[in-house]
Structures are given as structure tokens and as C-alpha cells.
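These are my notes from one sitting with the structure, kept in the order in which I looked things up.

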Amino acid sequence: MPRTNVQHPADPPVTGGLLGPDRNWHLSAGAVTVVTVVSFAIWSFLHTGPGVNPLLLILAILFGLFMAFNIGGNDVANSFGTSVGAGTLTMKQALMVAAVFEVSGAVLAGGSVTETVRSGIVDIDAMHVDPQSFVYIMMSALLGAAVWLLLATKMGWPVSTTHAIIGGIVGAAVTTGIVTGTGGLEMVQWGEIGQIAISWVLSPLLGGVASFLLFGAIKRRILAPAARAIALGSHGFDDAEDDDDDEEDDDEDGELTEEDRRHMAASERVSELQQAAFAESAALDLTPGSPGAELAEFAAGLSKKKRKAARKIERKAAYHALEKRVPPLAAGAAMVIAAMLIFKGLKNVGLDLSIGGSILLLIMVGMAVWMAVTVFARALKKQSISRATFIMFSWMQVFTASAFAFSHGANDIANAVGPFAAVLDVLSTGTISAEAAVPTAVLAAFGVALISGLWFVGRKVIATVGTGLTSMHPSSGFAAELAAAAVVMLASVLGLPVSSTHILIGAVLGVGIVNRAANWKLMRPIALAWLITLPAAAGIGAVVVLILRALF
């Protein structure tokens, strides 16, 4: 699945025909989406039984699926942005991975029971609203959040879907309270809103610090030796020289002098961004005056024997780094991802392990991955160092992307499923329940809507995360995803108010800071979008609830 050359999703697609070169993919995705909507609508009418207002149910179905569609276009696209931007996955491969792991995460661990008002932001119980008004509030929240998410997605801004649905509920509930005289702004739990405000700063900060430290260590300990080995190749490329070439001057000494070794040590001055390029695309930036040009000039000035000797030293160090330093890194990543799946995903299917059992399972996972990656690294010694590095980190990133997709499907789909399940329950029973069961059909249909949104509208967000904020490679993408996963887990344990979307964006910026290539200009409108997500969704939700009350 991983590729050996980097392609960026920001590049405009080549047009051809009515729907471009991906015509069959568009038609297939569209057909699956239409079939899903129709089938789910039929199931919903059978589930609610006779007596339900057909127009209201159809609107609820459309609002719910539209919300899931836009979660896919923004939140799922955000999750896969680093993988596609790094060239680890193509857009089509990302779609297939998402289809398998997002939908399976939603169906297997999406939660058999969902609270009707998951946010806890508005005290709806104090309003004493009738069931019909409650349905209007939840439907308005879904559409309000979905419309804002679509606008943000079209602009390429990754925003928090959780904050969007919270905003929709706040706007619709407060408006209903004012109109009916049952409440107003006093219903809003402003302490919860304050926690959301804290997350605007805390989430990207934690993600950025974790990613900066992790990727910085990877660059120094693993990528730098590979970079120097490639830079010492002829013309700065990773082209292994012919060791059997007998063409050499008799008076040239193949032993490196102390001065030569000092020059090799000075090659560490090559910028971090160039080092990543060396190790993953096998090309050296020879821009006049750049550290890369200076290093290439030094390499060209060496005799052939000396350059071969220097290159041999660095290649040995590079392969040693892959074999000795990557396996423990992969083992740690596997343990973090496994912990995230156990505590944030699989617990929803009744997997209730004790603390001791969980720790033992994590240790076993770490040891298994350590051994497997060690064997894999040894097998890559026959590859060029740039290709070996690319392949190693590409597969590791595929693993983290798949795990993220499963966890996302298990957890964040609730932002669409929660309010819709509440609506479906009220329409079926005529009463407001504290909890609403979520049928498997709902999880499956909403999972398909997630994938459809990723394919049809997710490209701009993928471009923002994968190439817009900073340039991505498999190693940097892996570091960003792993750092984000670790912070999400830590925040969950400590009860910190964070957003997984904001954490991942902070992690991507952390990579950019290490590379000295963070696009702060693009970050400004994204940060502004974070600030206005809740009020924007609230405003739209308020308008929609007034329209629904007028229509019905």
C-alpha cells in the first residue's frame, strides 16, 4: 500500500470527461450513497411504525445523514490528511481504509446506548419541553452543525464536529426556551462553555509540544544518518556507487582524516526539512548557498575512496538506526494505539478488562510489534537507505491511520448518531427517554455517509492538513498521528477538555516547527474558524428550529 514517491492532494486533478478521471469512483460512491439513503429511509419507517409524520421523519433522516456526511468531509478528512499528504496513501486508498475501519468502528464499537443530549451543555430537562419540541431541537442541532461543517470544509478549515453539534443544541434549545417561555440563556451551563474555550488553546498546544518532541527525536536519531548517507552519494542522490569499480588513483588514501570527519559532523547543519527530503524522496536540495549545496560541494571534493568510506560509515549508521531504534518506537506506538482502542473504542462492546489485564495485554502487543518490526527492518537492508526509510515509516503510518479510523468511527460518529437516535426514539415511543438505543442499521448507514463525505467533499481539508500547514512525509505524518493519539489518551485519563481535531492540527504544526516550515498564515483563518464554530452552529440551529416550529 505505501508508495515510494510523494504525491500531494493539493495538486488539481486532471480533468477528463464529465466527471474527470475518477468518473467510475464518483458514480460508485454516489450509487452506494443513494442506495444507503433509500434503504435506511425504508428501515426507519418500518422501525417507527404507523402514525409518524412522514415529512418530519424524512427530514430527520436527511438531517442526520447530512451531518454524518459532513463529519466525514471534515473530521475524517482531517484524520487522513497526514497520510495522504505524506504520500503513504492515495485518496482512493484512504477511502478504502476509511470504509473498512470507520464503518467497522461505528458498527462494532459505536455504542449500543447513546445519551439523548450528549453535550450536557444545556439543561433541557429544566425546560419541561414536550416531545415534539425536543425533536425540533435535535433536528435543528443536526442541520445547524452540518451546514457550518460544510461551509468550513469548503474553505478547507478542519474544525471540531463536537463543538459544532454542541453549538447547534445550544442555539436550538435556547431559542425554543425563549419562544415557549420555558427558559433562556440561563439554561446554558457556562462553565462547560468555558472548558471549550480552554480547549481552543490547550488542545493544539499539547499536540504541538508532543509532536515537536517526538519528531525532533526521530529526525536526530533515525533520519539524520540516512540524510548524511544520501548526501554523500554522487551528486547528492541515493545512488549506490559501484564498489567493484577499480578506477582509482594509487596515491589516494581511502582513510578519512580528522578534517574530513569534522566536515561530516558539520553536515548536521543541513536543515531538518532537507534531512526529511533526503531520507524519503532521495533528493538533495542543491540551491546555491544552502547547507545542502555546501555538503554536496564537500562530498564532490573528496576522493572517490574517501567518499565511499564516509558513505559506508553513514549507511551503516542509518541501517543501525532502522534496526535498533525504529522497533522500540513502533512498539511504543502500538501500545498507545492499543490503549486508545481498548479504553475509547472496544469498551463500548463490553470489553471490560481490569487494569492489570489491560497492562499485560499492552505489554504483549508491544513485544510482538517490537519483534516483528525488527525482522522487517533486517529484511529492508537489501533496499537503498532512502527506500528502506520510506517503506518502514509508510507501513507504520498505515497502521496508525487505520487505528485512528476505527477509534473515530467508534466515538465521533456519536455527534451525528446521538441526536438522531434521540429523534428516532421520540418518534417511535412518543416520549423523551433519558437514553436512546442505537440500532445497528443507524450506525451502518451513518458510517457509509461518513465515507461518502470523505470522498466527495474532503479533499480541501486533506490538502490543508497534508500539505497546507507544512510538508508531510511518512515519518513526520507518523509522528503527528502518534503524538495526537498519545495526547488524546492522556487527556481522557486526566479529564482535560480537549478536541481531537485541534490536537492533530497542533501536532502537524509541531512537525512544521521542527522543519522550520509551519504555515502560520494559513493557521490564522483556521483558528478563527475554531472560535466561531460554536456560535455559528448555534445561530443556524436557532433559525432552523424557528422554521420547523412554523412548518409543523
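Is helix α4 mostly covered or mostly exposed, and how many of its 25 residues are buried? Before answering I note that I am reading a predicted model. I find α4 mostly covered, with 18 of its 25 residues buried.

**Entry on α4**

I traced the helix from residue 131 to residue 155 and took the distance from its first C-alpha to its last, which comes to 37 Å, close to the 36 Å expected at 1.5 Å a residue. I then looked at both ends. At the start of α4, I found a side-chain oxygen of aspartate 130 reaching to within 3.1 Å of the backbone nitrogen of glutamine 132. Just after the helix, I noted that glycine 156 takes a positive phi of about 80 degrees.

**Entry on salt bridges**

I turned next to charged pairs, since side chains of opposite charge can pair when their charged atoms come close. My search of the whole structure gave four salt bridges. In one of them, lysine 92 pairs with aspartate 22, and the closest N and O atoms are 3.0 Å apart. I marked this pair as a link between distant parts of the chain, with lysine 92 in helix α3 (residues 91-109) and aspartate 22 in the segment before α1 (23-48), 70 residues apart. I also looked up the exposure of each partner: lysine 92 is partly exposed, at a relative accessible area of 29%, whereas aspartate 22, at 18%, is buried, because the cut-off for buried is under 20%.

I then followed glutamate 323, which meets lysine 381 in a salt bridge of 3.0 Å, N to O. This pair, too, links distant parts of the chain, as lysine 381 sits in the loop between α12 (355-379) and α13 (385-411) and glutamate 323 in helix α10 (residues 304-324), 58 residues apart. Glutamate 323 also meets lysine 324 in a salt bridge, here at 4.0 Å, N to O. On exposure, I recorded glutamate 323 as buried, with a relative accessible area of 12%, while lysine 324 counts as partly exposed at 45% and lysine 381 counts as partly exposed at 44%. Which residues are joined into one network by salt bridges that share partners? I listed Glu323, Lys324, Arg378 and Lys381.

**Entry on α6**

I went on to serine 199, which I located in helix α6 (residues 190-231). Its relative accessible area is 1%, so I count serine 199 as buried. A polar atom of the serine 199 side chain lies 2.6 Å from the backbone oxygen of isoleucine 196. What does serine 199 touch once its neighbours within four places in sequence are left aside? I found contacts with His163, Pro204, Pro497, Val498, Ser499 and His502.

Staying with this helix, I looked at valine 201, which is also placed in α6. At 56% relative accessibility valine 201 counts as exposed, so I recorded it as such, the cut-off for exposed being over 50%. Valine 201 belongs to a nonpolar surface patch of about 690 Å², made together with Leu205, Val209, Phe212, Leu213, Ile513 and Trp520. I asked which element gives the largest share of the nonpolar patch, and I noted that α6 does, with five residues. My last remark on this helix sets two of its residues side by side: serine 199 is buried, whereas valine 201 is exposed.

Key
Residues numbered from 1 in each chain as written. Heavy atoms only, no water. Helix = DSSP H or I, 4+ residues; strand = E, 2+ residues; numbered from the N terminus. Buried < 20%, exposed > 50% of the residue type's maximum accessible area, 1.4 Å probe, protein only. Polar contact = N/O pair within 3.5 Å; in protein donor to acceptor, adjacent residues only side chain to side chain. Contact = heavy atoms within 4.5 Å. Salt bridge = Lys/Arg side-chain N within 4 Å of Asp/Glu carboxyl O. Expected span 1.5 Å × (residues − 1). Patch = residues over 30% accessible without salt bridge, like charges linked within 9 Å, V, L, I, M, F, W, Y side chains within 5 Å. Areas by Shrake-Rupley, 256 points an atom, 1.4 Å probe, with all protein chains shown as cover.
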